[in-house]
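Here's a quick walk through one model, starting with how far to trust it and then zooming in on a couple of spots. Keep the viewer open as you read.

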Amino acid sequence: MTGTRGPAVGLGALDAAFAETVRRIGASVGALYLLAPRDPLLRLDALYGAPAEFAVPWVRVPLAAAAPVADAVREDRLVWAGSHTQLARTHPRTALALPYPMALAAAPVTGAQCWGALLLMWPTPRPPYMSARERGHIGSSCRRLARLVEEAAGRGVLPGGDAPPRTVPAGPAHRAAGPDLAAADFAERLPGGSCAVDLAGRFTYLSAGACELLGADADRLLGTLPWESLRWLDDPVHEDRYRAAVLGRRPVAFTACRPPDRWLDFHLYPDASGISVRIVPSDAEPPPAAAPRRAAHPATPARAGQLYQLTHLAAALAEAVGVQDVMDLVADQVLPAFGAQGLILSAADAGRLLITGSRGYAPEIVERLDGLPVDSDLTPAGRTLATGVPAFFADPVQLRRSYPDAPLISGKAAWAFLPLVISGRPVGCCILSYERAHRFPAEERAVLTALAGLIAQALDRARLYDTKLDLAHSLQQALLPRTLPEIAGLRVAARYLPATRGMDIGGDFYDLIRLGDGAAAAVIGDVQGHNAAAAALMGQVRTAVHAGAARGIPPGQVLASTNRLLTDLAPDLFTSCLYAHLDFVRGRATLASAGHLPPLVRLPGGDTRPAGVSPGPLLGIDPDAVFPHREIPFVPGLALLFYTDGLIEMPGVDLDDSVARLARHFAQADEGDLDLLIDDLLAKAGPTGRRTDDVALLALRRDPADGGPASPG
């Protein structure tokens, strides 16, 4: 990696192409995301048309997240939302954190490989659809960006994973002061006041009338943020109007009271380079084409960016399922929002503070802090947990007064200890730390305290989920075969993948049963549901099938006896099952199905097709059901693939088409290594993104060197 200057120079062509893409497509805001080299997430690399502060919630986007850029990369497609209403339907979390009228598109940046995604935003009104020409332009621009990213990666100038996103200027830099005399005279002649702010919200020009109305000199205001230099503008309602102007590119207005009682109207007119602002007394005639006012109303003073951060985090935490999910969300979103550099989540267990996750601390520090007694004088975490009262320390001197050794151990310079409490019951402590002294104003303390409540609820729910998940995994592992028996002349591989939603457990199962030296039985099935009851029933089905196979009865009778058992148990869950008796001496496979998908047969020459097995009804419905069987050749070199519907079912796709698609992939896959073959099938034919159903596969191939019959006979 080169120095700071090197990447900036080497990335000039990429930034120029990125900015040109955003301008040519007519978008107001653009963001370029790149895939992290080692972690499954997208990192914001460059931003156009908005300040970096706006993008804090989306600097790091996990690939599994329900976000437009993640969907574009994961599913290799253009994601389009023509309005905020459509965005709320498809991506409610994103719409909640961006409550402005806009259209949005995300497209994968793909060349020889996928490098990331391009995000584009348009102000409304605009057509709610995307034309073929726009789609083509975005596609070609993404391919061009991919080439430039690849070149930058080859030269080693791409920023590292911790580098902040670059803000690409919208055009030639504007002068911060000293406008042309004619323009200044024009502004001074207008009634009221005139000023300009850049996209980051800082004053770049103020007329004499604006200074008079605002009650401050230009020298004091230029280069500052209005809500910081003018405390009476420090209201989230006012900052929200500025954000609406930047992102929506539409005129907006608001009214504010300059103490003690002077009311002023602010009219904001944005474009790609900044915002022009007209200020007039509330009783004066408003400028032409002014936007509808949104009246100011009392609100708790706080940074609007942090309020939106809370909103976004609340929506994200609602979807977090495990403790690690909560930890990652808090670290990725809270730390940058509040300018913190360190995070520790700890929980009380048996009188000790156990660290459940950390960020920004060296391993040896975490190891020293982990497991401390709750009443330890090395950290205020125990006291915070016991009292339920947050503690804030702006510098090491404040912390040292009560905990002399704490600053030395932590190595930080400011701390916020936030209790995580649910209905009066402490569940943990969240510690935010800073590398420099940090003043905690009252409004920030209020926001952090509210934030702790959100984290506490999510963490308590996540710990319960992890406990249930451990139980589910133990049950699942006990019911599925740990290993498959080695059978002479038969190569075999199997795989089970749980659903990525719910309890991470299901009723899909497979088995291979040795039946003496010259025969074996292969079984696959799918119990309805994704819970412990489904897994338990799956264990009963496996036991019943084993019992039938051991008796040596034909496949149809094995299913019939299993079916009678299930109907007697009346589990209110139905089961599909496929049973195959493999006879190595005769070179025949006898198949019987209880409502299960047909296996795929790959002949030694490569021809692949579904086996034509007439299925009987699902198990557990009719105690007198009959299950017909069919014989097929089982010669050396022949391969069979058994699978469950979680592998191929997709919304809106005919099941027969999905089976045919799987057959094509099976025919083209290398059958030399069956484990690699299953990996290949899962990658090409399996579901992308989150799995809503569990998946089981069982691949069998009779060894070509086996001495059985060489032809169907």
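In the chain, where is confidence lowest and where is it highest? This is a predicted model, and the low end is strand β13 (residues 293-294), with a mean of 43. At the other end sits strand β28 (residues 639-643), at 95. Across the chain the pLDDT averages 82, and 87% of the residues score at least 70.

Two stretches have a pLDDT below 50. Residues 1-9 make 11 contacts in the model beyond near neighbours in sequence. For residues 289-302, that count is 33.

Now for strand β8 (residues 193-197). 5 of its 5 residues are buried, so the rest of the structure largely encloses it. In a regular strand, side chains alternate between the two faces of the sheet. In β8 both faces are covered: G193, C195 and V197 are buried on one side, S194 and A196 on the other.

Here's how β8 pairs up:

| Partner strand | Bridges to β8 | Direction | Facing residues |
|---|---|---|---|
| β12 (residues 275-281) | 5 bridges | antiparallel | S194 opposite R278 |
| β9 (residues 203-206) | 3 bridges | antiparallel | A196 opposite Y205 |

β8 and β9 also form a hairpin, with 5 residues between them. In that turn, G201 has a positive phi of about 95°.

One more stop: R588, in strand β24 (residues 588-594). Is R588 buried or exposed? Its relative accessible area is 18%, and buried means under 20%, so R588 counts as buried. Its side chain makes a polar contact with the side chain of E631, at 3.3 Å.

Key
Residues are numbered from 1 along each chain as its sequence is written. This is a predicted model: local features need pLDDT of at least 70, side-chain atom pairs count only at pLDDT 80 or more; totals for chains, interfaces and linings use all residues. Side-chain values use heavy atoms; hydrogens and water are left out. Helices (H or I, at least four residues) and strands (E, at least two) are DSSP runs, numbered from the N terminus. Buried means under 20% relative accessible area, exposed over 50%, partly exposed in between (1.4 Å probe, protein chains only). A polar contact is a pair of N or O atoms within 3.5 Å; within protein, one must be able to donate a hydrogen and the other to accept it, and residues adjacent in sequence count only if both atoms are side-chain atoms. pLDDT is the predictor's confidence in each residue, from 0 to 100. Contact means heavy atoms within 4.5 Å. Two strands pair if DSSP finds at least two bridges between them.
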